[in-house]
Amino acid sequence: MASQDISSKASEISRDVQVKADEAMKGASRAAQTVSDKTSTAAQTAANNTQTAAQSTKDSAASAIGVKHESPGFLQQTGDQISSMAQGATNAVKNTLGMGDGK
């Protein structure tokens, strides 16, 4: 009888430990997902801000000399280069965070 009680108690403790382990894993998984979501949001915000700033710089440079809708001049090319570099930086951030096209 005593050995059955010990065996029963051991099984109960084993189940309790498994339940606690499962709860801990679920909590860790939720925390990791939250961090991932926040990182993704921050990266997307940074990418959007970079693109907006690049476009604003390009537009300002172009309008300063009146070539906004004319054939590309020096400032237009410079604006295009800045925009391209900003897009490259955006892609680098996305790839670093695992959000790039090469996922």
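Is T90 buried or exposed? In this predicted model, T90 is buried, because its relative accessible area is 3% and buried means under 20%. The chain as a whole comprises two helices and zero strands. Of its 103 residues, 11% are buried.

**The chain as a whole**
- The secondary structure consists of two helices, with zero strands.
- The chain exposes an area of about 7700 Å², and carbon and sulfur atoms supply 56% of that area.

**Helix α2 and T90**
- Helix α2 covers residues 74-96, and T90 lies within it.
- The buried residues of α2 are Q76, G79, A86 and T90.
- Leaving aside residues up to four places away in sequence, T90 touches A47, T50 and Q51.
- The length of α2 can be checked by simple reasoning: its 23 residues, at 1.5 Å a residue, should span 33 Å, because the expected span is 1.5 Å times one less than the number of residues.
- The end C-alpha atoms of α2 are 33 Å apart, which agrees with that expected span.
- Just after α2, G98 takes a positive phi of about 80 degrees.

**Helix α1 and D37**
- Helix α1 covers residues 2-64, and D37 lies within it.
- D37 is partly exposed, because its relative accessible area is 40%, and partly exposed residues fall between the cut-offs of 20% and 50%.
- The side chain of D37 makes a polar contact with the side chain of Q33, at 2.7 Å.

**Two residues side by side**
- T90 in α2 is buried, with a relative accessible area of 3%, whereas D37 in α1 is partly exposed, with a value of 40%.

Key. Residues numbered from 1 in each chain as written. Predicted model: local features only at pLDDT ≥ 70, side-chain atom pairs only at ≥ 80, totals over all residues. Heavy atoms only, no water. Helix = DSSP H or I, 4+ residues; strand = E, 2+ residues; numbered from the N terminus. Buried < 20%, exposed > 50% of the residue type's maximum accessible area, 1.4 Å probe, protein only. Areas by Shrake-Rupley, 256 points an atom, 1.4 Å probe, with all protein chains shown as cover. Contact = heavy atoms within 4.5 Å. Polar contact = N/O pair within 3.5 Å; in protein donor to acceptor, adjacent residues only side chain to side chain.
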